[in-house]
Structures are given as C-alpha cells and as structure tokens.
2 protein chains.
Amino acid sequence: MYQYQHPHPAVTTDIVLFTIGQQQLKCLLIRRKHEPYKDSWALPGGFVGMDEDLEASALRELREETGITGVNLEQLHSFGRPGRDPRERVITIAYYALVPDTGLPIRAASDAGEVAWFGLDDSPPLAFDHEAIVAMARQRLVSRLHCSTIALQFMPEKFTLGELQGVYEIIQGGAVDRRNFRKRVLARHCLKDSGETRRNGKHRPARLYTCVSMDTVEVNK
Amino acid sequence: MYQYQHPHPAVTTDIVLFTIGQQQLKCLLIRRKHEPYKDSWALPGGFVGMDEDLEASALRELREETGITGVNLEQLHSFGRPGRDPRERVITIAYYALVPDTGLPIRAASDAGEVAWFGLDDSPPLAFDHEAIVAMARQRLVSRLHCSTIALQFMPEKFTLGELQGVYEIIQGGAVDRRNFRKRVLARHCLKDSGETRRNGKHRPARLYTCVSMDTVEVNK
DNA sequence: GCAAAAGTGTTATCCCTACACCCATGA
DNA sequence: TCATGGGTGTAGGGATAACACTTTTGC
C-alpha cells in the first residue's frame with residue numbers, strides 16, 4: 001500500500017507506432033488481456049515507473065509488449081480528461097515513432113495477448129481515448145512530413161527514391177511529380193548514393209540510397 | 001490519507017505566460033512562499049485536481065496565483081525526469097500562452113508571495129527545471145511565429161501595424177522590412193482595418209487594425 | 001519489341017526580397 | 001521647417017511547379 005496526503009492520479013505512457021506496408025499507413029495495436037476494455041485493441045503503453053523517465057517508460061512498455069526496441073520516440077501530447085479510464089484518474093503521455101516495414105519481429109508479451117499492424121483507415125474501435133491519440137499522431141505526422149526529414153525513419157537502411165516517393169504519396173494521399181520530388185529530396189543532402197542498385201522487377205534497376213544521418217532535421221525556414 | 005496499490009506520481013501543470021513590454025519578451029513568474037525552493041522564482045502552476053481536466057487545471061492555477069483569466073493555452077510538453085522535484089516524483093504538463101501587454105491586472109494570491117514579469121534574458125534562477133521549460137516555450141514561440149498568426153495574441157484589441165511589426169522584431173531579434181511585413185501580414189486576411197486611427201506622437205496617425213478571428217491559424221503549407 | 005519503372009532538364013510562374021520616396025503630424 | 005514614424009510600388013532573383021522523352025531491364 002502506498003499512502004499520500006493528497007490524491008494522486010495514475011500516469012501512463014502510450015505509443016503510436018507507425019509503419020508503411022501494403023500501400024498503407026499502419027499503426028501497431030495490442031489486444032488487451034485484462035479489464036478494462038478486455039479483448040479490445042489499444043495502443044501499447046502502461047504505467048510509468050516511479051524512478052523512470054517518461055521516454056524510458058514508453059520505450060520499456062514498447063519493448064515489453066511488442067519486442068520492438070531502438071525506435072526514436074517523439075512526445076506527442078498528454079491526455080488527461082477525467083473519466084478517460086474507468087478505473088481511476090489516469091493521465092497519459094503519448095509518444096509516437098516511425099519504423100521501417102521490413103521484417104519486424106513482433107511478439108506478444110506481458111499484458112498484450114496479441115499484437116498486430118492495422119491500416120489507419122481500417123482499424124477496429126480502440127480502448128480508452130486511443131482513437132483520438134492516433135488521430136492527433138497522424139495529423140502531426142502529416143504536418144511534419146514537409147518541414148522535416150521524418151519520413152526517412154520509415155525507410156530501411158537502403159532504399160530507392162521510388163520507394164521513398166511512395167511513402168510520401170501514401171502519407172499525404174496524392175501523387176507527387178517524380179522529377180520535382182527527386183530534386184527536392186536530393187537538395188537536402190540527407191541522402192547518400194550507396195553505389196549499389198537493386199532490380200525489383202522487369203524494368204531498369206534503381207539506385208539505392210542511404211540516410212546521411214539519423215537525425216530528424218527540421219527545415220522550417 | 002489516500003491509498004493505492006501501486007505508487008503514483010504527483011501531477012502538476014505549469015504555465016509559461018509571455019507578454020511583450022519595454023521592448024522585451026517577458027514571462028510571468030511567481031515567488032514561492034513555501035518549500036521547496038521557498039523564495040525562489042518559479043512558473044505559476046500547481047497540482048492537478050482529481051476531477052479536473054489538464055487545461056482547466058492550468059487555467060485555475062493561473063487564475064488563483066495571478067488573477068489572470070481568459071487566456072488561450074497551448075500544451076507545450078510534459079516534463080517528468082525523476083528527481084526534478086525534491087519532495088516526491090512530480091510530472092508536470094507545461095502550457096504556454098501569450099497575452100497583450102496593456103494594463104494587466106496582476107495580483108499575488110494563494111501560494112504566490114509575489115508576481116512579476118521578467119525579461120527573458122534578464123530573469124532570476126528558477127526553481128525546479130523551470131528554466132528548461134521556459135527555454136522550450138520560447139523556442140516553440142519563435143518557430144510558430146512564422147507559420148501561424150500566434151503573434152496576434154500579444155496584441156490588444158486595436159493596434160497599429162507598426163506595433164505588430166515591433167512584436168515580431170522583438171521575438172525574433174532583428175529588424176524587418178516594413179513594406180514586406182505589411183504585405184505579408186495583410187495577405188493573410190487575418191486583420192481588419194477598423195477605420196480608426198491613433199496619434200501616437202508628433203507624426204502621422206496610424207491606422208488601427210483588429211483581428212478577424214481569434215483562432216491561431218496555421219499556415220504551414 | 002513491348003511493358004514498366006528509372007532517370008534526367010528546361011521553362012514559366014510565383015513568392016520573397018531589396019529598395020526610396022511622399023504623407024501627416026507635433027514641436 | 002524639421003523631425004518622426006506612417007504609408008505605398010516595383011523590379012530582380014530564387015525557389016517551386018509543370019511538363020516529355022530516353023534508358024534499362026524482364027518477358
């Protein structure tokens with residue numbers, strides 16, 4: 001038992017993890033094993049440890065519930081409407097992150113009975129206010145797309161410009177002029193020609209590029 | 001006494017309230033009446049009520065400690081490093097807001113022994129990690145200045161374009177071309193010519209403008 | 001040779017910047 | 001009449017957007 005002179009809310013972190021697959025923007029969800037919202041889908045997350053920094057808590061929950069490590073979390077927003085959790089007052093600090101699509105080792109563990117990627121426009125009803133959290137994260141993602149190099153976090157180590165363009169087109173939902181896109185993205189000097197090429201089908205092979213640096217460089221002039 | 005099965009952190013809100021005065025960007029601080037950091041300057045803020053939304057808590061603290069009401073709060077970031085408060089684990093959700101300079105009715109109340117505006121480059125050492133919070137709020141303010149109409153929140157109901165330009169120059173710390181500034185700001189169609197003018201000195205009177213809408217319109221294309 | 005994506009350059013447009021002069025007022 | 005800030009327009013440059021053809025490969 002823990003006692004306090006004044007009432008204290010519980011504090012959690014939740015993580016909106018995005019990826020791109022099957023021509024869709026997807027988000028990682030877990031199926032809850034316990035009440036409340038037992039068997040509902042929800043964002044990975046959980047209670048903050050008393051000696052744990054907020055971001056560390058989010059990383060730990062993500063690792064424990066999905067086995068995913070090494071992502072670059074950004075704080076999104078804190079949600080604390082009274083009543084958002086039926087058990088007690090819970091304030092959550094939401095983070096988001098972007099990971100490449102390739103071969104994600106997802107395992108269900110701890111509180112999560114099941115883990116899966118869902119297309120954002122094709123996802124089940126979520127527990128708590130998690131739909132609002134996902135919506136805000138998506139909005140943030142779209143607005144950062146143009147003034148930062150955030151989209152590179154979706155890419156594997158080596159990728160073609162066509163693949164990168166595809167990511168932009170999926171997120172913003174619309175076609176992009178290939179020549180202008182290449183000029184713009186190469187002008188940022190965030191990509192390095194790896195020298196290699198990749199044949200992807202019955203057509204000319206594409207050059208493979210690498211990120212010069214993993215930092216999300218803001219370009220908001 | 002309040003008892004929980006698991007330990008709970010305390011949760012507070014803190015508010016970075018900016019204004020412009022004496023050709024400076026200023027921030028509202030209170031002098032603490034109690035330990036810890038007794039007699040130090042700190043941001044207004046305090047513990048979140050158990051049935052109170054986060055923004056409502058920030059508004060209440062601001063009202064109780066400074067008498068200021070009716071500001072437009074934006075959530076800044078949550079800070080939760082273990083040890084940032086010597087008493088116990090405290091996670092704070094920081095907000096920021098901008099208010100006009102004119103005739104602010106500031107009164108000290110409740111936990112605040114004293115309330116005052118401080119120029120940002122001329123402020124005393126702050127309690128807790130409040131200097132980091134102010135620094136982040138300032139950064140946010142600068143970066144929003146160009147892609148939003150946030151600066152209008154510094155203005156009184158009626159103001160001249162020269163006054164608005166002065167606000168921009170103070171925040172970003174540099175001169176702005178008057179003609180280009182006027183074209184840009186008028187092109188946003190957020191200002192309405194009130195028809196009135198104001199004589200401010202021994203020179204031609206200036207037109208007074210009003211905000212068309214109080215919303216902070218983002219213009220990030 | 002044909003389908004399919006990769007790769008490349010030029011032109012027109014728009015937006016932003018730089019820049020100089022007259023206006024209305026108070027002293 | 002002079003000092004002070006208010007008010008206005010234009011020309012040049014840089015960035016962005018529109019646009020079509022050749023290349024390399026698999027079938």
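# Close-up views of a predicted protein–DNA model

**View 1. Chain A as a whole.** Of the 221 residues of chain A, 48% count as buried, where buried means under 20% relative accessible area, exposed means over 50% and partly exposed lies in between (1.4 Å probe, protein chains only). This is a predicted model, in which local features need pLDDT of at least 70 and side-chain atom pairs count only at pLDDT 80 or more, while totals for chains, interfaces and linings use all residues. Residues are numbered from 1 along each chain as its sequence is written, chains are lettered from A and ligands numbered from 1 in the order in which they are written, and side-chain values use heavy atoms, with hydrogens and water left out. Chain A has four helices and 10 strands; helices (H or I, at least four residues) and strands (E, at least two) are DSSP runs, numbered from the N terminus. Read from the N terminus, the order of elements is β-β-β-β-β-α-β-β-β-α-α-α-β-β. Along the principal axes, the C-alpha atoms of chain A fill a box of roughly 65 × 35 × 30 Å. Among the contacts in chain A with a separation of 6 or more, 65% join residues 24 or more positions apart; contact means heavy atoms within 4.5 Å.

**View 2. Helix 2 of chain A.** Helix 2 covers residues 130-147, 18 residues in total. From its first C-alpha to its last it reaches 26 Å, close to the 26 Å expected at 1.5 Å a residue; the expected span is 1.5 Å times one less than the number of residues. Its buried residues are A:H130, A:I133, A:V134, A:A137, A:L141 and A:L145. Seen down the helix axis, these residues fall within an arc of 115°, so they line one face of the helix; the arc is that of the directions from the helix axis to the C-beta atoms. The elements of chain A that cover them include strand 2 (10-21), strand 3 (24-32), strand 7 (90-98) and helix 3 (161-172).

**View 3. Helix 3 of chain A.** The 12 residues of helix 3 should span 16 Å at 1.5 Å a residue, and the end C-alpha atoms are 17 Å apart, which agrees. A:L161, A:L164, A:Q165, A:G166, A:V167, A:Y168 and A:I171 are the buried residues of this helix. Their cover includes strand 2, helix 2, helix 4, strand 9 (191-198) and strand 10 of chain A. Just after helix 3, A:G173 takes a positive phi of about 60°.

**View 4. The loop residue A:S40.** A:S40 lies in the loop between strand 3 and strand 4 of chain A. Is A:S40 buried or partly exposed? Its relative accessible area is 22%, which makes A:S40 partly exposed. Leaving aside neighbours within four places in sequence, A:S40 is in contact with A:I30, A:R31, A:R32 and A:A127. A:S40 and A:H203 are 163 residues apart in sequence and 45 Å apart in space, C-alpha to C-alpha.

**View 5. The surface near DNA strand C.** DNA strand C is surrounded by 22 residues, and the closest are A:R178, A:R179, A:R207, B:R179 and B:K202; a residue is near a strand if one of its heavy atoms lies within 4 Å of it. By class, this surface has three nonpolar, five polar and 14 charged residues. Here Ala, Val, Leu, Ile, Met, Phe, Trp, Tyr, Cys and Pro count as nonpolar, Asp, Glu, Lys and Arg as charged, and the others, Gly among them, as polar. Of the atoms of strand C within 4 Å of the protein, 47% belong to sugar or phosphate and the rest to bases. An N or O atom in the side chain of A:R178 is 2.3 Å from a base nitrogen of strand C. For B:R199, a side-chain N or O atom is 3.2 Å from a phosphate oxygen of this DNA strand. Helix 4 (178-187) and strand 10 (206-211) of chain A, together with helix 4 (178-187) of chain B, are the elements that give two or more residues to the surface near DNA strand C.

**View 6. The surface near DNA strand D.** Around DNA strand D there are 21 residues, the closest being A:K202, B:R178, B:K183, B:H203 and B:R207. They divide into three nonpolar, five polar and 13 charged. A side-chain N or O atom of B:K183 is 2.7 Å from a base oxygen of DNA strand D. For B:R182, a side-chain N or O atom is 3.1 Å from a phosphate oxygen of DNA strand D. Helix 4 of chain B gives the most to this surface, with four residues.

Methods. A polar contact is a pair of N or O atoms within 3.5 Å; within protein, one must be able to donate a hydrogen and the other to accept it, and residues adjacent in sequence count only if both atoms are side-chain atoms.
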